[in-house]
Amino acid sequence: MIDTKSSEIDWDAGGIETELGWALPLTFQTFTRLGAEAVSAMPQGPRGYQVLVAITTEEPSSQLQLAQRLGIDKTQMTYLLDALEAEGLVSRRPAPTDRRVRHVHPTDAGRATLDTARAQLRQAEDRLLGTLDPDERATLRTLLARVAVAADAARTDPDFEHPVAAPERSRRGTSTPTDRTPS
């Protein structure tokens with residue numbers, strides 16, 4: 001845990017710590033390292049984790065839709081799904097409305113693996129956000145999600161592959177670990 005007394009920021013001085021362009025990359029780099037370690041047992045690491053989150057919290061979608069949603073090249077998505085399927089974590093089934101399209105579904109083993117990885121990732125997040133109290137953590141998550149959704153809506157380069165903000169897709173009637181307020 002960080003000693004918050006010695007790390008107080010003098011906002012009036014306008015030092016580098018007050019710059020968003022300094023804070024965001026440092027926070028992102030630290031989270032990327034801690035997050036990758038937390039989900040390292042997952043086939044394909046963070047990308048495998050993201051696929052399992054998406055397919056367990058959203059309505060079934062095709063491989064192509066999933067690749068677009070997560071900002072992953074469609075060829076790379078095929079390899080990623082091959083690895084997850086080889087481990088018994090996902091299955092691909094024909095779509096009910098078009099048998100040429102394959103929907104990706106989690107298996108029971110995939111859900112169990114996701115639960116374990118999610119707990120490990122939350123521990124990594126706790127390390128990163130250790131100087132914030134629970135309400136501040138929830139506020140930070142909420143604000144970052146709002147900024148990310150707005151950033152996606154404001155993007156101007158349609159050829160730039162990145163995750164697609166579609167919060168309406170993550171609203172399901174089933175009880176899942178994501179049916180809670182941010183923590």
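Here are some notes on this predicted model, running from the core to the salt bridges and then to the two strands.

1. **The core.** Start in the middle: the largest nonpolar core has 24 residues. If you want to find its centre of activity in terms of contacts, click on Val51, Leu66 and Met77, which have the most contacts inside it. Five helices each put in at least two residues, namely α1 (20-38), α2 (45-57), α3 (63-70), α4 (74-86) and α5 (108-128). The top contributor is α2, with 5 residues.

2. **Leu66 up close.** What does Leu66 touch once its neighbours within four places in sequence are left aside? The list is Val51, Ala54, Ile55, Ser61, Met77, Leu81 and Val104. Notice that Val51 and Met77 turn up there, and both also sit with Leu66 among the residues with the most contacts inside the core.

3. **How α3 meets α4.** The axes of these two helices come within 9 Å and cross at roughly 110°. That angle falls in the 65 to 115 range, so α3 and α4 count as roughly perpendicular to each other. On the α3 side the contact uses Gln63, Leu64, Leu66, Ala67 and Leu70, and on the α4 side Lys74, Met77, Thr78 and Leu81. Sorted by type, the residues of this contact come out as 6 nonpolar, 2 polar and 1 charged.

4. **Salt bridges, overall.** Side chains of opposite charge can pair when their charged atoms come close. How many salt bridges are there in this model? The count comes to 8. Asp82, Glu85 and Arg92 are worth selecting together, since a network of salt bridges links them.

5. **A pair within α5.** Arg122 and Glu125 form a salt bridge, with the closest N and O atoms 3.0 Å apart. Both residues belong to α5 and are 3 residues apart, which puts about one helical turn between them. Are these two charged residues buried or exposed? Arg122 is buried, and Glu125 is buried too.

6. **A pair between α5 and α6.** Asp126 and Arg137 also meet in a salt bridge, at 2.7 Å from N to O. Asp126 lies in α5 and Arg137 in α6 (residues 134-154), so this pair ties together parts that are 11 residues apart in sequence. The two ends sit in different surroundings: Asp126 is partly exposed at 42% relative accessibility, whereas Arg137 is buried at 16%.

7. **Asp98 and Arg100.** Here is another salt bridge, with the closest N and O atoms 3.0 Å apart. Arg100 is exposed, with a relative accessible area of 73%. Its partner Asp98 is partly exposed, at 21%; the cut-off for buried is under 20%.

8. **His103 in β2.** This histidine is in strand β2 (residues 102-106). With 15% relative accessibility, His103 counts as buried. Not counting residues up to four places away in sequence, His103 touches Pro60, Ser61, Ser62, Ser91, Arg92, Arg93, Ala95 and Pro96. Arg92 in that list is also a member of the salt-bridge network with Asp82 and Glu85.

9. **Pro94 in β1.** Strand β1 (residues 90-94) holds Pro94, which is partly exposed at 30% relative accessibility. Leaving aside neighbours within four places, Pro94 is in contact with Arg99, Val101 and Arg102. How far apart are Pro94 and Ser62 in space, C-alpha to C-alpha? The distance is 9.1 Å, for residues that are 32 apart in sequence.

Notes:
Residues numbered from 1 in each chain as written. Predicted model: local features only at pLDDT ≥ 70, side-chain atom pairs only at ≥ 80, totals over all residues. Heavy atoms only, no water. Core = buried A, V, L, I, M, F, W, Y, C linked by side-chain atoms within 4.5 Å. Buried < 20%, exposed > 50% of the residue type's maximum accessible area, 1.4 Å probe, protein only. Helix = DSSP H or I, 4+ residues; strand = E, 2+ residues; numbered from the N terminus. Contact = heavy atoms within 4.5 Å. Salt bridge = Lys/Arg side-chain N within 4 Å of Asp/Glu carboxyl O. Axes fitted to C-alpha atoms, helices over the stretch in contact; angles between N-to-C directions. Parallel < 35°, antiparallel > 145°, perpendicular 65-115°, else oblique. Nonpolar A, V, L, I, M, F, W, Y, C, P; charged D, E, K, R; others polar.
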